[in-house]
Amino acid sequence: MGIDVGKFLKSPEFDIRITTYRDIFQVEALERDRFGEDYRKLSACIMLSKNDLHRMGFKPGDRVKVSSHSGSIVVEVKESKRDEPGGLAFMVNSPWSNALVSEDTGGRGMPEFKEISAKIALTKDNVTTIEELMEFKGKI
Amino acid sequence: MPSVMELYQLLPRTNCKICGESTCMAFAVALLGRKRKIIECTPILSENFKKQKEKLESLLLPSAGAEETGMIVHPELCTGCGNCVVACPVDVANDPKGAAVGHAPTNDKVIFKIVDGKVIASNIRECRRFGKNRVLCYACIDPCPVGAIEFV
Amino acid sequence: MLFGWSNSTCEAQINGIRLAKKMGAMIDDTSSFCQGMLIEKVLQNKFKTCSLEEIRDKADVLVYWGSDAQDSEPRHLSRFSYFPRGQMRQRGYEEDRLAIAIDVRESNTAKICKGHFYRISPKGDREFIFALMDALSGKVPSYEPKKMLELAAIMKKAEFGAIFVGIGLTYSIKNDFEILVSLADMLPNFNIMPMIGHYNMRGFNEALFRETGFVNRVKFEGGAHDAKYSIVEALRTKSIDALLVVGSDPVSSLPRSLLAHLASIPVICIDPCVTMTSKIATVTIPCAVAGVEAAGTAVRMDGKIIELSKILESNYPSDERILTMFMEAL
């Protein structure tokens, strides 16, 4: 990649609450090929309400970096077709959303999959791949 | 609406000319324009092409129905849940031991069927929106959360 | 630790439990971070429950709570709950049944429930339960009084009700399952149905419950059950040094921050598919697909035993057979 001036200008960052859900077509894509293009497309995205899109100045198709205390990922923005009041973003349950979930369960063993606090900002980076999510220190 | 290429891919593609068209592609165009019927392609009636013929029928049925009842099926939206199959009052009456009680249809008299995970409509003349005593029935639309069935 | 199990036949699960017992190992399944706690309460008879066929034949009020059955159990509404004409519900969903959705999002299931969708905020389930209990006991709840009184009136009138408890509700109330038990106690005509995603999670929970009295998170050495024997805590505290995964993909389904330890220890993976876990496993043993290439039994969400038959030949052994071979080798 060449030098990209835009990369050094910090995009405004917003606080966001994320909850995870299940989508039948994403699960179908997983059963077909969890390393395939369809599964990535249907998983590596974040669904925002119209209000939130407007407030943050994002457009559907924009790439955003979503970061929590546990990790960060780059995903694509989608607009929720439902009539959502806003303030809550949705991600399909997948290795992408799991990169943001904390391992701290207060000793209970039940991670907080359904309420993730994160920061969200526009980025020019590429969408995180499943291969990147499988890279761990000491072993690939 | 299927594309000409989709239909062509399912034909025997031998350009045998039995149907009277010069090529299978020309026959596909005629099929799409509803100038020809699938059965006019006699080679596809053989057992070898059974699957392809069924697929063709399912592709062409939604719009065949649309002419008569205004029903349009959007297979790309359909999740294959079968709510419409079970909820349709015609299916209930025609298949009381199958579709009516939540099972897959046990006969060919039903309007809705799920084939390869997608809804297809047949026996469209049985639809309550069709014929002299037609009623404005919503029994297949209301149970579909994704809007895969609509009437125009 | 021996982990996975919710996509295996009962026969393979029983072999897995035997294997864990023989080695004094820890055993846990996906219910550990899913519906385990709810199933435990069901198996302890804390709730009134029923079969899916009874729901089809009798149920008049259906409550999908934190559960998007349309997307997670796509044949649930059409086969068992809302749409079929049951023995006592001959007039179909329009007249004989009422469906209610309680959820943080307008899911596909909520869309079907149309006029009876109650949107709550994340973790709002507790407040909702207390408000509903107030309304049921004739008090005016402080939370959404009008809607809650309306909902309570519908539920009180039910002849045969069902609450489908989804993972949304389970995650939200966590260790506080007693409040759901208290609510259920106020609704004598209602049955609780755990909404389970994996086809045989309940099978494993029942098998381990018969053996140990617990549905998951067991360490056979010392015969103990504790949250620290859950896959999540065992990985977080790095207290396991080898992992056998059967029919599950923890690398995909667990928080990523836990996975560095998983990736640093020997992992044996038994699965019919290539998964993220099989890709990083030290040893992967492909197995036959149960219900397609191998026969066996499974337990449905309501506890009914389902026979799975073999319909295709396969060159791979079943997971049940592989586990038997492990036992023989040990």
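Here are some numbered notes on chain C of this predicted model, its sheets, its helix pairs and its contacts with chains A and B.

1. Confidence comes up front. Chain C averages a pLDDT of 96, and 100% of its residues score at least 70. For the model as a whole, the scores are ipTM 0.93 and pTM 0.88. Keep in mind that what follows describes a predicted model.

2. Start with the mixed sheet in chain C. It is an open sheet of 7 strands, and the order to trace on screen is S9-S8-S2-S1-S10-S11-S12. The edge positions go to S9 (224–225) and S12 (283–286) of chain C; each has a single partner strand, so one side of each is left without a neighbour in the sheet.

3. Now the S9 end of that sheet. S8 of chain C, residues 218–219, pairs with S9(C) through 2 bridges, and the sense is antiparallel. If you want a residue pair to click on, C:Val218 stands opposite C:His225 in S9(C). This end also has a helix over it: H12 of chain C (residues 201–212) lies across S2 (26–29), S8 and S9 of chain C. Relative to S2(C), H12(C) runs at about 145 degrees.

4. H12(C) has a helix partner too, namely H2 of chain C (residues 36–43). The two pack at an angle of about 55 degrees, with their axes 11 Å apart. That angle is why H2(C) counts as oblique to H12(C). The crossing is right-handed. From H2(C), the residues involved are C:Gly36, C:Ile39 and C:Leu43, and they meet C:Arg202, C:Asn205, C:Glu206 and C:Phe209 in H12(C). Sorted by class, this contact has 3 nonpolar, 2 polar and 2 charged residues.

5. Chain C also has a parallel sheet. Here 5 strands form an open sheet, in the order S5-S4-S3-S6-S7. S5 (117–119) and S7 (190–194) of chain C are the edge strands, each with a single partner strand, so one side of each has no neighbour in the sheet. From one strand to the next, the twist averages 15 degrees. At the S7 edge, S6 of chain C (residues 161–165) runs parallel to S7(C), and 5 bridges join them. C:Val165 stands opposite C:Pro194 in S7(C).

6. Which classes of residue make up the contact of H8(C) with H9(C)? There are 8 nonpolar residues, no polar ones and 1 charged. The nonpolar ones include C:Leu132 and C:Leu136 of H8(C), along with C:Met148 and C:Leu151 of H9(C). H8 of chain C covers residues 125–136 and H9 of chain C covers 145–157; their axes come within 8 Å and cross at roughly 65 degrees. The pair is therefore roughly perpendicular. H8(C) passes H9(C) in a right-handed crossing.

7. The pairing of H1 and H17 in chain C links stretches numbered 10–23 and 319–329. The axes of these helices come within 8 Å and cross at roughly 20 degrees. That makes H1(C) roughly parallel to H17(C), and the crossing is left-handed. On H1(C), the contact uses C:Glu11, C:Ala12, C:Asn15, C:Gly16, C:Arg18, C:Leu19 and C:Lys22. On H17(C), the residues are C:Asp319, C:Glu320, C:Leu323, C:Thr324, C:Phe326 and C:Met327. By class, this contact has 5 nonpolar, 3 polar and 5 charged residues.

8. On to the neighbours, beginning with chain A. Here 34 residues of chain A are in contact with 39 residues of chain C. On the chain A side, S1 (13–21), S5 (88–92) and H4 (95–98) each supply at least two residues. S1(A) gives the most, with 3 residues. By class, the side of chain A that touches chain C has 13 nonpolar, 9 polar and 12 charged residues.

9. Last, the contact with chain B. It brings 16 residues of chain C together with 15 residues of chain B. The chain C elements that give two or more residues are H5 (76–80), H6 (92–96) and H7 (108–113). H5(C) provides the largest share, 4 residues. The side of chain C that touches chain B has 7 nonpolar, 4 polar and 5 charged residues.

Conventions: Residues numbered from 1 in each chain as written. Chains lettered and ligands numbered in written order. Predicted model: local features only at pLDDT ≥ 70, side-chain atom pairs only at ≥ 80, totals over all residues. Contact = placed C-beta atoms within 7 Å. pLDDT = per-residue confidence, 0-100. Axes fitted to C-alpha atoms, helices over the stretch in contact; angles between N-to-C directions. Parallel < 35°, antiparallel > 145°, perpendicular 65-115°, else oblique. Left-handed = near helix turned anticlockwise from the far one by under 90°. Pairing = 2+ DSSP bridges.
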